[in-house]
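Work through the exercises below with the model open. Try each task before you read its solution.

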Amino acid sequence: MENYQLLMEKEIKRIVENGERPKLLVHSCCAPCSSYVLEYLSQYFEITVLYYNPNITYEEEYEYRKAEQKRLIGEMKPKYPIKFMDCDYDPANFFAAVKGYEKEPEGGARCKICFDMRLRKTAELAAGGKFDYFTTTLTISPLKNAELLNEIGDMLSAEYGVKYLNSDFKKRNGYKRSIELSKEYDLYRQDYCGCVYSKVERERASCSEG
């Protein structure tokens with residue numbers, strides 16, 4: 001497996017040596033996952049956070065997670081300012097995309113469709129907004145397939161003509177740091193990814209554990 005963390009570090013080293021501060025569009029799934037990513041990358045990039053998560057089934061949950069994301073950006077004190085880009089709440093697109101995959105387990109084909117959907121939107125907006133790079137916070141989660149996410153990112157990079165910043169943010173204690181920052185900023189940490197299918201699977205697991 002490719003070491004995506006090392007690839008990112010090499011790219012950042014090149015950026016620093018060239019005295020650049022490129023524009024980066026970061027897709028964020030939630031505030032806790034973005035916390036370390038923003039702390040780290042804001043040292044090197046001009047960041048805009050994109051909140052595009054049509055997989056979140058319940059509107060109240062969606063709005064709460066979005067509000068936490070905006071609060072975090074407002075309370076952080078990064079080296080360079082961080083901007084926020086919103087998208088409309090649009091779960092209908094997610095349900096249409098995963099139709100027929102409702103019974104897939106977490107991490108399976110349904111998740112691949114979801115990853116592609118969110119990263120594709122990010123790549124599209126990055127190209128339209130003349131960003132230099134795009135990436136996602138999703139690789140910080142130990143439950144997400146970083147190799148698959150990077151493969152999708154690289155594919156979309158070639159399709160849209162915008163560089164994808166490879167990552168495996170959970171490495172170098174990234175996930176540990178995100179937990180620390182979540183406590184520091186008192187962030188809401190959900191116990192399921194977002195869609196109703198992951199929620200049901202999580203509830204089943206909780207019942208089994210009990």
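Accessible areas come from the Shrake-Rupley method with a 1.4 Å probe. The model is predicted.

**Exercise 1. Surface and burial**

Task: State the accessible surface of the chain and the share that belongs to carbon and sulfur atoms. Then find what percentage of the residues is buried.

Solution.
- Step 1: The accessible surface of the chain is about 10400 Å². Carbon and sulfur atoms account for 49% of that surface.
- Step 2: Buried means under 20% relative accessible area. Of the 210 residues, 48% count as buried.

**Exercise 2. Overall dimensions**

Task: Decide whether the radius of gyration agrees or disagrees with that of a compact globule.

Solution.
- Step 1: For 210 residues, a compact globule would have a radius of gyration near 17 Å.
- Step 2: The chain has 16 Å, which agrees.
- Step 3: Along the principal axes, the C-alpha atoms fill a box of roughly 50 × 40 × 35 Å.
- Step 4: Turn to contacts between residues at least 6 apart in sequence: 76% of them join residues at least 24 apart.

**Exercise 3. Elements and sheet**

Task: Lay out the elements of the chain from the N terminus on. Then give the order of the strands in the sheet.

Solution.
- Step 1: Count the elements. There are eight helices and five strands.
- Step 2: Read along the chain. The elements run α-β-α-β-α-β-α-α-β-α-β-α-α.
- Step 3: Place the strands. The five form an open sheet with parallel pairing, in the order β3-β2-β1-β4-β5.
- Step 4: Find the edges. β3 (83–86) and β5 (163–164) each have a single partner strand, so one side of each lacks a neighbour in the sheet.
- Step 5: Look at one pair. β2 (residues 46–51) runs parallel to β3, and four bridges join them. Tyr51 stands opposite Asp86 in β3.

**Exercise 4. Two positive phi angles**

Task: Locate Lys130 and Asp186. Is Lys130 buried or exposed? Is Asp186 buried or exposed?

Solution.
- Step 1: Lys130 is not a glycine, yet its phi is positive, about 55°. Lys130 sits in the loop between α5 (109–128) and β4 (133–136).
- Step 2: Exposed means over 50% relative accessible area. Lys130 has 66% relative accessibility, so it counts as exposed.
- Step 3: Asp186 also has a positive phi, near 55°, in a residue other than glycine. Its loop lies between α7 (174–184) and α8 (196–209).
- Step 4: Asp186 has a relative accessible area of 63%, so Asp186 is exposed.

Definitions and conventions
Residues numbered from 1 in each chain as written. Predicted model: local features only at pLDDT ≥ 70, side-chain atom pairs only at ≥ 80, totals over all residues. Heavy atoms only, no water. Helix = DSSP H or I, 4+ residues; strand = E, 2+ residues; numbered from the N terminus. Rg over C-alpha atoms; globule rule 2.2 N^0.38 Å. Buried < 20%, exposed > 50% of the residue type's maximum accessible area, 1.4 Å probe, protein only. Contact = heavy atoms within 4.5 Å. Pairing = 2+ DSSP bridges.
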